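Let's take a walk through this protein together, starting from its sheet and ending inside. Please have the viewer open and follow along.

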Amino acid sequence: MRHAVYGLPPVDLAEVPGDAVQLSPLIPGAARLEDLSENSLDAATVLAPPGTVERRYVLAQVLRALGPGGRMVALAPKDRGGTRLAKELTTFGCAAADQPRRHHRICTAERPTAPAGLAEAIDEGGPRHVDNLALCTQPGIFSWDRLDPGTALLLANLPTLKGRGADFGCGLGVLSRAVLGSEAVTALTLLEIDRRAVEMARRNVADPRATILWADIRASGAVPENLDFVVTNPPFHEGGSEDQALGRAFIARAAEALRPGGALWLVANAHLPYEASLRAAFRHVAVAVQASGYRVYEARR
């Protein structure tokens, strides 16, 4: 029996033991929430995700893993699902104490003797095949049920690539599937920080040339070296807030990973000021296309 934590709750809002088991799919190396057996936890602290289906899935999985009388502290910013937490816990049969604090809502509840609706919430938030994407996916993954317009623009303008490459932030594997359509591609490394996306990409990209890694691009040693090309639609949000440093980190890692003459193909919202970072890191930078609020850049070492 042990304590688990999902995500990184603000330290001044929730006390988490130092030996708590991390369960977030966005922290490489964390344990899988789905692998916890029933009645295996004494307590859990959950920084609840903002999406309704994803949040209910996480709450239900944690309640499933808690032992009888096990205690859960669930919290979220008020404008990112916090105001719904108490009601959602009530639907599972919990009597939740709801406390507002520092723009968050903090709910404390014990696992009821007979929780209600757990299987339904787990099924709704679990992996599935989406016909319009023709891919395996799961709620909570970026653009989980539609083709992101930035990715669509990059797909429409990506040349036939060759040699060794990487897909930074591969998501479900949409870009990688297109890249691997070229027989001249000899190897492709897919890197993604979301463990759920990694698991779906392994279903979606069935190609012996592909290596799929659960990793943070920003971590030392995460990225292969001496590549011929990199493709990416980098994220620019973290924790619900815009963070342009993420895109700049992707650009810097690509510059380090590419051989001289290697190419980076990057798509980003047109308002994001990435061109200066690209020009500082690459010998040649061009906007291949701009449309629908996005830009596709080609940058060469």
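The paragraphs below go from a sheet to its helices, then to a cavity and one residue. Keep in mind that this is a predicted model.

A good place to begin is the open sheet of seven strands, whose order is E11-E10-E9-E12-E15-E17-E16 and whose pairing is mixed. Strand E11 (210-214) and strand E16 (284-291) form the edges. Each of these two has a single partner strand, so one side of each is left without a neighbour in the sheet. On average, neighbouring strands here are turned by 15° against each other, with direction ignored.

As a reminder, strands of a sheet pair through backbone hydrogen bonds, either parallel or antiparallel. Which sense do E10 and E11 use? Strand E10, residues 185-192, pairs with E11 in the parallel sense, over five bridges. To find one of the bridge partners in your viewer, select Glu192 and look to Trp214, its partner in E11.

Next, bring in the helices. Helix H6 (residues 195-204) lies across E10 and E11, and its direction is at about 160° to E11. Elsewhere on the sheet, helix H7 (residues 244-257) lies across three strands: E9 (163-168), E12 (227-232) and E15 (258-269). The angle between H7 and E15 is about 160°.

Now for the empty space. How many cavities of 30 Å³ or more does a search of the whole structure find? The search finds one, and the largest cavity holds about 40 Å³ of space. Its lining consists of Tyr6, Pro25, Leu33, Glu34, Tyr57, Val58, Gln138, Arg195 and Arg196. Helix H1 (52-65) and H6 are the elements that give two or more residues to this lining. By class, five of the lining residues are nonpolar, one is polar and three are charged.

Helix H1 also holds our last stop, Glu54. Is Glu54 buried or exposed? Its relative accessibility is 13%, and because buried means under 20%, Glu54 counts as buried. Leaving out residues up to four places away in sequence, Glu54 touches Tyr6, Pro49, Pro139, Gly140 and Arg196. Two of these names, Tyr6 and Arg196, also appear in the lining of the largest cavity. For a view along the chain, pick Ile122 as well: Glu54 and Ile122 are 68 residues apart in sequence, while their C-alpha atoms are separated by 9.0 Å.

Note on methods: Residues are numbered from 1 along each chain as its sequence is written. This is a predicted model: local features need pLDDT of at least 70, side-chain atom pairs count only at pLDDT 80 or more; totals for chains, interfaces and linings use all residues. Side-chain values use heavy atoms; hydrogens and water are left out. Two strands pair if DSSP finds at least two bridges between them. Helices (H or I, at least four residues) and strands (E, at least two) are DSSP runs, numbered from the N terminus. Axes are lines fitted to C-alpha atoms, for helices over the stretch in contact, and angles run from 0 to 180 degrees between N-to-C directions. Contact means heavy atoms within 4.5 Å. On a 1 Å grid over the protein atoms alone, a cavity is a set of points where a 1.4 Å probe fits but cannot get out, and a pocket is an open set with protein on both sides within 12 Å along at least five of seven lines; lining residues have an atom within 4 Å of a point. Grid points are joined across faces, edges and corners, and a volume is the space filled by probe spheres set on the points. Ala, Val, Leu, Ile, Met, Phe, Trp, Tyr, Cys and Pro count as nonpolar, Asp, Glu, Lys and Arg as charged, and the others, Gly among them, as polar. Buried means under 20% relative accessible area, exposed over 50%, partly exposed in between (1.4 Å probe, protein chains only).
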